[in-house]
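Here is a friendly note to read alongside the structure. Keep the viewer open and find each element as it comes up.

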Amino acid sequence: MRVATVCLLFTFAVVGRAVAQEPLRVGPVTAAPGTVASGTLEVPPRGGDQGTTLPVTVVNGSKPGPVLALVAGVHGQEYTPVLALQRLRTAIDPASLSGAVIMVHVANMPSYLARTIYYSPADGKNLNRVFPGRADGTLSERIADVITREVIDRATHVVDLHCGDGNESLRPYTYWITTGPPDVAEAGRQMALAFGMDRIVVDRERPVDPKASVYLSNTGVTRGKPALTIESGGMAQTDNESIARIERGVAGLLRHLKMRADGPAPVTKPVLFDRSEVVRSNFTGIFYGAVEKGQTVAAGTVIGRVTDFHGKVLEEFTAPFAGEVLYIIGTPAMNKGEPVVFIAATR
Ligand SMILES: [Zn+2]
């Protein structure tokens, strides 16, 4: 009995020491417990390009807990997540935080500064298609590599914050990734509910190979870390409603992960979309949309059309099934192979 008591006390002492909150380092940025630190991750020049920097903030709580990574600006004209992180940077108090939050304020600086949609001006690549990246690759691949090693590898939970890009008129929603180990998928489902948005796209088609994870959030999932992608805002707008929705979602996550004592409750009855499809254009030209974001459409409904530069119709797009329009292209420019509309439906 007495021996057992001594063992128990010893166990408490060891565990207590092991979980004490410690300084958290992300690249050159180190935040002591209970403090906030900001700085930049360097992506050095290589192969004739100029390299780039990633501005980051580490909010290190005073008590142990999860490490939540929040990444904004993977696409160059997606401003609402960038602005939401500016607010969250000062709103999350390290003194009352358990665990830590790592923020990447602008993940794709070349695209942000050049104001490009989808593709980096440095290498023409979509940053959210080159994960986990390559240390000896093009600039987008090296950015992905730095985010993977410095941010995702240090996190326990990952959220990739998006909105419609500068040309996408989007109704807010979350992607829940179901591939990966069942416990990771279930934890991801709970994160999606905690984020609070009422439309959740069930994503069953992400790669499972950590060496070819392709997407940022999937880089977390393939490494055993629950992860989400969220979409709130679009068309290069900076509306408060879309920004506040992201702030609220992060607050819900902090509560769910027990990093903060209070916060908004999870969404109770979201619409889960089991079926979704991006309709793409087979032609380059001028796009005319015929439906609005959030609109419910029947199978076969005309979604829009693309014409050549003299007005001749090249292709008419129709809804492949009955569903809800989550986003539709809202500007005329259209390239062959690019998205026209994203439609989702419950089964
Ligand atoms: Zn995006």
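The points below go through the sheets, the helices that pack on them, and a pocket.

1. Before anything else, please remember that this is a predicted model. Everything that follows describes that prediction.

2. Let's begin with the sheet of 9 strands. It is open, its strands come in the order 3-4-6-5-7-11-9-10-12, and the pairing is mixed. Which strands sit at its edges? They are strand 3 (35-43) and strand 12 (271-273), each of which pairs on one side only. On average, and ignoring direction, neighbouring strands in this sheet are turned by 20° against each other. If pairing is new to you, strands of a sheet pair through backbone hydrogen bonds, either parallel or antiparallel.

3. Now look at the end of the sheet that starts with strand 3. Strand 3 and strand 4 (residues 52-60) run antiparallel and are joined by 9 bridges. You can find two of the partners by eye: Ser38 is matched with Thr57 of strand 4, and Leu41 is matched with Leu54 of strand 4. Strand 4 also pairs with strand 6, again in the antiparallel sense, over 5 bridges. There, Val56 has Val104 of strand 6 as its bridge partner. Strand 4 is mostly covered, with 8 of its 9 residues buried.

4. Strand 7 (157-162) is a good place to see parallel pairing. With strand 5 (63-71), strand 7 pairs in the parallel sense over 4 bridges, and Leu68 stands opposite His157 of strand 7. Strand 7 is also joined to strand 11 (227-231), running parallel, by 5 bridges. In that pairing, His162 stands opposite Glu231 of strand 11.

5. Is strand 7 buried or exposed? Buried: 6 of its 6 residues are covered in this way. In a regular strand the side chains alternate between the two faces of the sheet. On one side of strand 7 you will find His157, Val159 and Leu161, and on the other Val158, Asp160 and His162, all of them buried.

6. Helix 4 (residues 139-151) is worth a careful look. The 13 residues of helix 4 should span 18 Å at 1.5 Å a residue, and the end C-alpha atoms are 17 Å apart, which agrees. Why can we call helix 4 largely enclosed by the rest of the structure? Because 12 of its 13 residues are buried. Among them are Leu139, Ile143, Val146 and Ile147, but also Glu141, Arg142, Asp145 and Glu150.

7. Helix 2 (residues 79-91) makes a useful companion. Helix 2 has 13 residues and reaches 19 Å from its first C-alpha to its last, close to the 18 Å expected at 1.5 Å a residue. Its buried residues are Tyr79, Thr80, Pro81, Val82, Ala84, Leu85 and Leu88. An α-helix has 3.6 residues a turn, so residues three or four places apart point the same way. What do the buried residues of helix 2 pack against? Their partners are strand 5, strand 6 (98-104), helix 3 (109-114), strand 7 and helix 7 (240-256).

8. There is a second open sheet, of 4 strands. Its order is 17-16-14-19, with antiparallel pairing. Strand 17 (313-318) and strand 19 (333-334) are the edge strands, each pairing on one side only. Between strand 14 (residues 285-289) and strand 16 (residues 302-307) there are 4 bridges, in the antiparallel sense. One pair to look for is Tyr288 with its bridge partner Arg305 in strand 16.

9. Finally, turn to the largest pocket, which holds about 870 Å³ of space. It is lined by 35 residues, and those closest to its centre are Arg129, Tyr175, Arg206, Val278 and Arg280. Several strands each supply at least two residues of this lining, including strand 8 (168-170), strand 9 (173-177), strand 10 (199-203) and strand 20 (339-345). Which strand gives the most to the lining? Strand 13 does, with 5 residues.

How values were computed
Residues numbered from 1 in each chain as written. Predicted model: local features only at pLDDT ≥ 70, side-chain atom pairs only at ≥ 80, totals over all residues. Heavy atoms only, no water. Expected span 1.5 Å × (residues − 1). Buried < 20%, exposed > 50% of the residue type's maximum accessible area, 1.4 Å probe, protein only. Contact = heavy atoms within 4.5 Å. Pairing = 2+ DSSP bridges. Axes fitted to C-alpha atoms, helices over the stretch in contact; angles between N-to-C directions. 1 Å grid on protein atoms, 1.4 Å probe; cavity = no way out; pocket = protein on both sides within 12 Å on 5 of 7 lines; lining within 4 Å. Points joined across faces, edges and corners; volume = space filled by probe spheres on them.
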